[in-house]
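Open the model in your viewer and keep the selection tool ready. The tour starts with the whole chain and then moves from stop to stop.

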Amino acid sequence: MKWGIAGLAMLGVGVAGLVAFSPIDPVAWNAPPPLADGQACSSAPRVTAKVLASDLPGKPDGLAFDDAGRLLVAMANGQVAAVDPGTGTWSIAAQGGGFLTGLAYGPGEAIHAVDERAGALLRAQPGGSLRSVLDKVGARRLSWTNDVTAMPDGSIAFTTTATGRSLDDFYLEVLEHRSSGLLLRYDPARGEARVLARDLAMTNGLAATPDGMFLVAESAVYGVSLFSPTGERMAELTGLPGFTGNVRASDRPERYWVTLLSPRSPIVDGTARYPAVRRLLAWLPAGARPQPQSLPCLVEITRNGRKLTPRLVAVEGAATSFSTAIERSGRLYLSPASIAPGSSPQVYVAELPES
């Protein structure tokens with residue numbers, strides 16, 4: 001009996017040590033409830049995706065259209081491909097970047113991208129090389145840059161997922177939930193950037209609205225927020241069925257598409273109010289940690305002033321989650337999410353039903 005008590009005591013001390021010296025310092029939070037109208041990916045209206053372009057030289061992520069109507073594709077190998085949306089044939093439009101994720105076109109026919117691993121904002125003219133135009137704000141170096149969009153006034157807005165962490169820290173950032181993401185705006189004329197909003201919950205995708213506002217994906221709360229041109233939070237939509245990815249404006253007024261990288265995590269939600277438990281979970285070896293799962297489902301958002309109305313759309317024909325979805329002329333162009341199973345170096349297209 002004494003040995004049993006001693007063993008339990010030693011176990012308690014060991015657990016207490018793991019909690020005390022955990023590599024994360026998590027905070028308690030409230031996991032948002034599911035969408036109030038009962039929408040679910042399993043019962044959502046469906047579209048069918050087909051492969052548009054295959055055998056790309058790198059895994060695709062961010063998508064944008066140029067003035068010639070070509071689909072630009074940012075890839076993890078540092079190149080940007082230009083895909084003919086009709087035939088799927090492609091060529092290289094820019095190269096020399098790093099681990100490219102976010103992508104935007106303009107102003108001045110320029111291609112803007114972000115290097116997610118290096119934390120840099122990049123720029124190139126079509127056919128040229130991507131060069132870093134910004135890698136720090138003030139004295140602080142940027143890290144984990146994620147997405148980028150061109151603004152009507154010629155400035156460039158972009159996001160960082162977390163401050164002081166990298167893409168390799170995804171699991172720890174989800175557990176810690178300290179919300180250190182940034183929304184920034186870069187002035188090309190001055191070569192400087194300023195922070196518009198701080199303390200964002202794993203900031204991901206970004207799209208500009210016609211009136212100069214921003215729709216920003218906050219993955220850690222399964223949501224999207226609307227920010228004013230100066231960075232004030234104007235509206236918030238949370239409780240979506242997965243970790244939100246990129247956001248892209250449709251060519252229909254005030255319609256936007258948001259991707260879902262992986263389903264909501266029961267472990268993350270279930271331990272939201274218990275920081276000590278998450279301190280322990282941080283010690284799990286890589287092979288025992290929860291892994292992203294495929295979720296071939298999208299969110300179409302209609303904006304009416306400060307009101308954001310979601311509609312889920314399921315995707316058939318591709319057993320993967322998607323990183324980016326962008327709509328043009330009744331067609332939806334999709335890039336697979338590299339963190340989810342089923343990802344491959346190809347781009348998909350789906351015909352949208354007439355609305």
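Among contacts in the protein chain between residues at least 6 apart in sequence, what percentage join residues at least 24 apart? The figure is 55%. Keep in mind that this is a predicted model.

**Whole chain**

Show the full chain as a cartoon. The secondary structure comes to four helices and 26 strands. Align the view to the principal axes: the C-alpha atoms fill a box of roughly 80 × 50 × 40 Å. The radius of gyration is 21 Å, which agrees with the value near 20 Å for a compact globule of 355 residues. Colour by burial next. Of the 355 residues, 54% are buried. Switch on the surface: the chain exposes about 15100 Å², and carbon and sulfur atoms supply 55% of that area.

**The disulfide**

Select Cys41 and Cys297. A disulfide joins them, with an S to S distance of 2.2 Å. A search of the whole structure finds one disulfide. It links distant parts of the chain, as its two cysteines are 256 residues apart. Cys41 sits in the loop between α1 (2–20) and β1 (46–53), while Cys297 belongs to strand β22 (residues 297–304). Look along the S-S bond. Is the disulfide left-handed or right-handed? The torsion is about -90 degrees, so the disulfide is left-handed. Both Cys41 and Cys297 are buried.

**Strand β22 and its partners**

Stay with β22 and select the whole strand. Six of its eight residues are buried, so the strand is mostly covered by the under 20% cut-off. Now add strand β21 (residues 255–263). β21 and β22 pair in the antiparallel sense over five bridges. Pick Thr302 in β22: Arg255 stands opposite.

Add strand β23 (residues 307–316). This pairing with β22 is antiparallel too, over eight bridges. Thr302 serves again as a marker, with Thr309 as its bridge partner in β23. Follow the chain from β22 into β23. The hairpin has two residues between the strands, and Gly305 takes a positive phi near 65 degrees there.

**Thr161**

Jump to Thr161, in the loop between β13 (156–160) and α2 (170–176). Is Thr161 buried or exposed? With a relative accessible area of 3%, Thr161 is buried, because the cut-off is under 20%. Show its side chain and find the backbone oxygen of Thr203, which the side chain reaches at 2.9 Å. Then display the surroundings. Leaving aside neighbours within four places in sequence, Thr161 is in contact with Trp144, Asn146, Ser180, Gly181, Leu200, Met202 and Thr203.

**Tyr348**

Finish at Tyr348, in strand β26 (residues 347–351). Tyr348 counts as buried, at 5% relative accessibility. Add Gln346: a polar contact of 2.8 Å joins the two side chains. Next, draw a line from the C-alpha atom of Tyr348 to that of Ala318. These atoms are separated by 8.3 Å, and the residues are 30 apart along the chain.

Which residues does Tyr348 touch, not counting those up to four places away in sequence? Select them in groups:

- Ala49, Lys50, Val51 and Leu52 are among them.
- Gly317, Ala318 and Phe322 are also touched by Tyr348.
- Leu332, Tyr333, Leu334 and Pro336 complete the list.

Technical notes: Residues numbered from 1 in each chain as written. Predicted model: local features only at pLDDT ≥ 70, side-chain atom pairs only at ≥ 80, totals over all residues. Heavy atoms only, no water. Buried < 20%, exposed > 50% of the residue type's maximum accessible area, 1.4 Å probe, protein only. Polar contact = N/O pair within 3.5 Å; in protein donor to acceptor, adjacent residues only side chain to side chain. Contact = heavy atoms within 4.5 Å. Disulfide = S-S within 2.5 Å. Pairing = 2+ DSSP bridges. Rg over C-alpha atoms; globule rule 2.2 N^0.38 Å. Areas by Shrake-Rupley, 256 points an atom, 1.4 Å probe, with all protein chains shown as cover.
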